[in-house]
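Visitor: I am new to reading protein models, and I would like to take a close look at a single part of this one. Could you walk me slowly through a place where two helices meet, and then set that place in the whole chain?

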Amino acid sequence: MAAVIGILIMVAVRISKVNTHVCTFHEQHRGLCVDCRGRQLLYIPDDLPWNVTSLDISDNQITVVRNLTFQNCGCLKYINLNNNLLITMEPDALVGVFSLTTLLLASNKLSHNNNSLPEGLFRDLGNLHTINLENNKMKAYPDLVLAPLTKLHSLYIDPVPDAVFGSGFSKLTNLKVLKMDGGHCSLEKITNETFRRLNETKLEVLLLNHCHHLTLCETGVLDPLPFLKHLELTNNAIGIQNVLHLLYPLVGRNMTRIWLNNTFKTKPRFKEDVDDRILTEYSTRFLAQICVSELSLKGNRICLIETSSFNKSPIRECLEVFDLSENRLIGDLGVLVIFALFSRLRHLDVGHQHHTFDPNVWEDEDGRKGENITMMLPRNLQYFDVTGAFMLSFTFDEITFTNTENLDTLLFGYNQQHDRIRVKGLENVSHVDLSGNKLGNVTEEFFKSFSNVKALSLKDCNLQFANNVLNARNIFGVLQVVEYLDLSLNGLQLFPFILNQNKIIHLNLSQNRFDTIPIVTTTFPRLTLLNMSYNMIGHLDKYTQSDLDSSAERNSLKVIVQGNIFSCGCENLDFILWLMDSPVIYESDRNFPCIQDNGQMTRTVEVVGDYMSIYRHCTGKWILTLTVTCLTVFLTSIAIVYLISKNPTRFKNIVMGTLGFGVQYLTRKDFSFTLYIGYCEADIPFVYRKLRPALELCNHPVRLFLKDREVLPGHDIADGIIEGINKSWKTVLVVSHDFLDDPSAWSHFTINAAIYSMNALIPNRILILLVGDIQAQDLPQCLLNMVEEEFIIHVDEYPEETALWKHLRQIANLEQ
């Protein structure tokens, strides 16, 4: 019973410690993990559980590891002390951790001397597999302290100025990985002595990268490494010719990887420096005799490659991955033909050749010069990148690819190709990138070249056809299996394409000019990602929001909207709330920019945080407007009711007349004459030679009142004019400068009499014919006030008189 009570007490004490510990504990991979990251600790806790297997105490401020710190942690397999301030490891700091396999001491201030890393420090670490000492303060390699690590597999350490591995490293007989590119590299040269003591090891991987000051390597550097299979010697200034010369010890070996990227001389001064830009049969004589699976010569400013450089055994039969990208290859890239003989080549990258593009080199009368080319590819090639490779060569009318049975990916972007290009041989390719080519008006026939493509990128292709719905309706009709489509950076405003919507998974429409979501997402049942970033979307209506939410619920659709500037005015407050809460929005941080009604820029998080205040402000303006409107209507109603109560009979007649009750409009049958013609003596020829024959002497005559004919001699002219106007249905005034300047004053009398005769029972009773160069603005103000401009006809605007009289009959409502 006492024993049980003791065990319960011990368990309770342990639980109490765990609950109050500065670190956190969790079970992982059948062991106890202690997480002390970023706790601003100055020392390693001395109350770690005895059964801890993994300790992460990185990102703290620990300066020293004291003796016997881990003596009670015999189960420890992993210690991470990266990114601290370690200066000293005391001699017995790691006593007792016999099971430790990984020790990470990177990004500290450890030195190579005995005070920082004392001899015997690692004597209990016989099972250590990996140690990381990168980015410390070492000026030399602490070889003796590492000597006990006989099972060490991977060593990560910085290059030091005196890069010589001492005798202690010869004890690391199981060392297979040496990584020397993790921190600042001050190395300027590597001698034949650098790796000499590693000849007893089984080193297979050597990574020596990012030493920008490294300009010298002695030719026997790699001699002591008989097991080397993986070599990376990149980002230095040795020069590609010198680096290739170092490969002599590797001749006849099987290598998994050789990376010699960015190893050019930055300032060529002599002929040999210029030669460093050319790969010849001589410079590649050692490389061609190595059976290497993966070779990269990326970024070496290579301009020319002799066709005989690589067309040799055994490299021709062994090479699977070849990267020649980011060089400066010139010519028609005919060198690529030699790779058709590489039986195992599956990945070939010659993209991004840095050229200065000069369109005048091949422009003709149509603005371009094109020709045809056939590219024979290796039979097993799966990945082919020629992005930006042809910019200094040619623009093609037809490109034919052969041996494409296994080709899966073709990257052919930014090659200055045009919309009349024809491509053949890509029917089996799944991934095609044509970005940056000017394919503005390509037709459906163009896309038949790769009808089975699953991922198609047409980014920055100047797709002019896309904004013409009729021309673009079936442009993608042949792409029956496309799943990933990139149409970004094309200035699109419409999305008229008829796609196989059941297949689309990702659709990229970013960097265009869409002001809303241009598709109905519920018609894309497999769409999971829609990129609408950097468009012109200000808000989305309720229908679009509902459509997106339905798609998010059905197939977990996510929409990227960053880069749009939204409207967060009063009308769009509900949209802002939806934007912040909807599961369809991709961004986790939804603090988007938006513009208020007053034009000020703010952020959506601020709008939501101050939502109630903004809502009250918005509704306050609406309520004020409604109140003022209601008050105005109320006061107006009172005034109308008051006026009606004072004059009920008058208002009753006005209402009845407006509604047409009790009002009898006069018609032409109620008058003796149809039209009264008002004119002056100077216009008698126009009236009797043109107007009268057209209206009175025709198939559908009307009766005219002409004062010279109807007013009898001796009868008062004034009475005759008034009588003629009153007996005529409408009055036609023939107005000229002579009419307005009539010295007899009968013209002005006629105008006044016609105006006096106007009443509500005969609408539009006065019609005016302007004769000569007189304009409507020359008419007396009294006429302009009474006659609408549509009833003023300028005779000279009708070259054919038939049209003039037809128009006059129409506005006079004369029966035909």
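Guide: What follows goes from one helix pair to the chain around it. Please keep in mind that this is a predicted model.

The pair consists of helix α13, which covers residues 684-695, and helix α19, which covers residues 801-811; their axes come within 10 Å of each other and cross at roughly 65°. The crossing in which α13 passes α19 is right-handed. On the side of α13 the contact is made by F686, K690, L691, A694 and L695, while α19 contributes E801, W805, L808 and R809. If you sort the residues of this contact by character, six are nonpolar and three are charged, and no polar residue takes part.

Turning to the whole protein chain, you will find 19 helices and 39 strands in its secondary structure. Of the 816 residues in the chain, 48% are buried, and among the contacts with a separation of 6 or more, 65% join residues that lie 24 or more positions apart.

The model also holds enclosed spaces, for there are four cavities of 30 Å³ or more, and the largest cavity has about 60 Å³ of space. Its lining is formed by I190, F195, L206, L208, C217, V221, L222, L231, L233 and L246. Whereas the helix contact includes three charged residues, the lining of the largest cavity consists of ten nonpolar residues, with no polar and no charged ones.

Key:
Residues numbered from 1 in each chain as written. Predicted model: local features only at pLDDT ≥ 70, side-chain atom pairs only at ≥ 80, totals over all residues. Heavy atoms only, no water. Axes fitted to C-alpha atoms, helices over the stretch in contact; angles between N-to-C directions. Helix = DSSP H or I, 4+ residues; strand = E, 2+ residues; numbered from the N terminus. Left-handed = near helix turned anticlockwise from the far one by under 90°. Contact = heavy atoms within 4.5 Å. Nonpolar A, V, L, I, M, F, W, Y, C, P; charged D, E, K, R; others polar. 1 Å grid on protein atoms, 1.4 Å probe; cavity = no way out; pocket = protein on both sides within 12 Å on 5 of 7 lines; lining within 4 Å. Points joined across faces, edges and corners; volume = space filled by probe spheres on them. Buried < 20%, exposed > 50% of the residue type's maximum accessible area, 1.4 Å probe, protein only.
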